[in-house]
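Here are a few notes on the model you sent over. Have it open while you read.

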Amino acid sequence: MTVMFEKVALLGLGLIGSSIAHGMREQGLAKTIAGHAKSAETRRVALEIGLVDSVHEMPADAVAGADLVILCAPVGACGALAAAVSVQLKPGAILSDVGSVKGAIVRDCGPHVPPGVHFIPGHPIAGTEQSGPRAGFAELFHGRWCILTPVPGTDPAAVAKLTAFWEALGSMVDVMEVAHHDLVLAITSHLPHLIAYNTVATAADLETVTNSEVIKYSASGFRDFTRIAASDPTMWRDVFLNNKEAVLEMLGRFTEELAVLQRAVRWGDGETLFNLFTRAREVRRGIIAAGQDTAAPDFGRGRAKT
Ligand code: NAP
């Protein structure tokens, strides 16, 4: 157990904030953890289950004296949070976040970072479809990547310290340019969520198939879409509002590929279908080979997902 920070403040105590808290407790990374969340109920639960040592109605009170402040709220809420805590940020402190979009975080939070505070946006590529303060668990980050997107000119020592923090939580860390992060995540995470939401909504709207049939026969692929589509609506609304260009770029490419498949189905072009499915299968094998999932037929699905 090595204390890395005297005081860490978590602003947002849902799945990601609570998982960071559990991980810090397990590894003894912080002497004190202070927390803030929007609702009194979440603050009460966070204190009750021991996620934090203190909770604060005002975010500025949580960050006072903190060496590390992590914004763990939906992307659309982070700018206002950064503005609210700006005056209380301690010189030399690190301000980071876990938002799924990075360009918008730099745009919305950057202007509120006072001189002497190290602003290092971050994104753990780990999650589940659960949310709230009881959803977190320390193992969430084990073996998962965390991407840091420091803006040019950031102190390398602060980046090294935050890297060591995420590694202590069990993650592997990559440093990436902000716009590149948003493009990569648009295809690996944001587009799949949009497709899942759309697939589930389409099935729910069908008039010729009853809702009970959709549920009864859900094993054939649909069930995995429903798991993704169960993700927090606020979080995902904010992702699509804040990563518009990259998502539209990937959606355009996706639509072109879909048209190729549609044509192949219409014309009975088995070769095109077979070749595309074979290429896709190779990607799945690559993910398993990289240790980002297992080949087990996990019909019940474990808690962690990539
Ligand atoms: P979550 O479980 O829904 O928790 C969100 C937390 O933020 C809650 O504690 C909520 O408080 C708080 N919050 C919301 N609006 C706020 C505001 N205006 N001021 C202060 N606190 C506010 O969400 P999550 O899954 O932990 O996601 C948090 C962040 O992590 C998001 O930016 C998301 O993009 C990112 N992320 C999520 C995943 C994932 O798979 N879930 C993965 C990687 C990154 P209340 O409970 O009081 O409403």
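The points below start with the ligand and then turn to the two domains.

1. Keep in mind that this is a predicted model. The ligand has 28 residues around it, and L15, S39, T42, A73 and S100 are the closest of them.

2. What sort of residues make up that shell? By type, 14 are nonpolar, 12 are polar and two are charged. So much for the mix; now for where they sit in the fold. At least two shell residues come from each of α1 (15-27), α4 (75-85) and β7 (122-124). Of the elements, α4 contributes the most, with three residues.

3. On polar contacts, look at the oxygen atoms of the ligand. The side chain of S100 places an N or O atom 2.6 Å from a ligand oxygen. A polar backbone atom of A73 is 2.7 Å from an oxygen of the ligand, and for K38 a backbone N or O atom lies 3.4 Å from a ligand oxygen. As for cover, the ligand on its own exposes 910 Å², and the protein buries 86% of that.

4. Now the domains. The chain splits into domain 1 (5-177) and domain 2 (180-289), with their C-alpha centres 30 Å apart. Across the boundary, 19 residues of domain 1 touch 15 residues of domain 2.

5. How much area is buried between domain 1 and domain 2? About 1,300 Å², with carbon and sulfur atoms giving 61% of it. On the domain 1 side, S100, V101 and E129 lose the most area to domain 2, together 39% of what that side buries. Note S100 in that list: S100 is also among the residues closest to the ligand.

Notes: Residues numbered from 1 in each chain as written. Predicted model: local features only at pLDDT ≥ 70, side-chain atom pairs only at ≥ 80, totals over all residues. Heavy atoms only, no water. Near = heavy atom within 4 Å. Polar contact = N/O pair within 3.5 Å; in protein donor to acceptor, adjacent residues only side chain to side chain. Areas by Shrake-Rupley, 256 points an atom, 1.4 Å probe, with all protein chains shown as cover. Helix = DSSP H or I, 4+ residues; strand = E, 2+ residues; numbered from the N terminus. Nonpolar A, V, L, I, M, F, W, Y, C, P; charged D, E, K, R; others polar. Domains from an automatic or database assignment. Contact = heavy atoms within 4.5 Å. Buried area = accessible area lost by both parts, 1.4 Å probe.
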